[in-house]
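Trainee: I should like to request a close look at a single part of this model, namely the pairing of its strands and what surrounds it. Please take me through it in one connected account.

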Amino acid sequence: MKELKLKVAEATQDDVNKGVVRIDSAYMRELNLRPGDIVEISGERATVGRVDRALPGDMGLNIIRMDPLIRRNSKTSIGEMVSIKSAEVKEASKITIAPAREDIMIRANNEV
């Protein structure tokens, strides 16, 4: 599977907390990606994000724009290099919701 190395840049304000990463359209074609596809981002640790096209001012730059959450999850910071590739996505067969604190109780219908 093809992989690219890109320099981390700060996300635009509109993309913060949305799980979106932006890369040049040429890189998207090279990795056979379309807007909304999931990519694996590898810094010190691997994480994922939804890819979208770079803004016009970023065209031709070797950067990936990502928000603080994605940077924290990948253990990278602005200016560092990360590897990106298309992620192999599988449908979840089961999810578990757990409370963030001990004194919270979650009640829900388990038949959906």
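Mentor: Strand 2 (residues 20-23) and strand 4 (residues 46-53) run parallel and are joined by 4 bridges; two strands pair if DSSP finds at least two bridges between them. Helices (H or I, at least four residues) and strands (E, at least two) are DSSP runs, numbered from the N terminus. This is a predicted model, in which local features need pLDDT of at least 70, side-chain atom pairs count only at pLDDT 80 or more, and totals for chains, interfaces and linings use all residues. Residues are numbered from 1 along each chain as its sequence is written, and side-chain values use heavy atoms, with hydrogens and water left out.

Within the parallel pair, I23 stands opposite R53 of strand 4. Strand 4 also runs antiparallel to strand 3 (residues 38-42), with 5 bridges between them; there T47 is the bridge partner of I41. A hairpin of 3 residues links strand 3 to strand 4.

I23 and I41 appear again in the largest nonpolar core, which has 17 residues; they are among those that touch the most other members, as are V21 and I64. Such a core is a set of buried Ala, Val, Leu, Ile, Met, Phe, Trp, Tyr and Cys residues joined through side-chain atoms within 4.5 Å, where buried means under 20% relative accessible area, exposed over 50% and partly exposed in between (1.4 Å probe, protein chains only). Strand 1 gives the most to this core, with 3 residues. Leaving aside neighbours within four places in sequence, I64 is in contact (heavy atoms within 4.5 Å) with residues including V21, I23 and I41.
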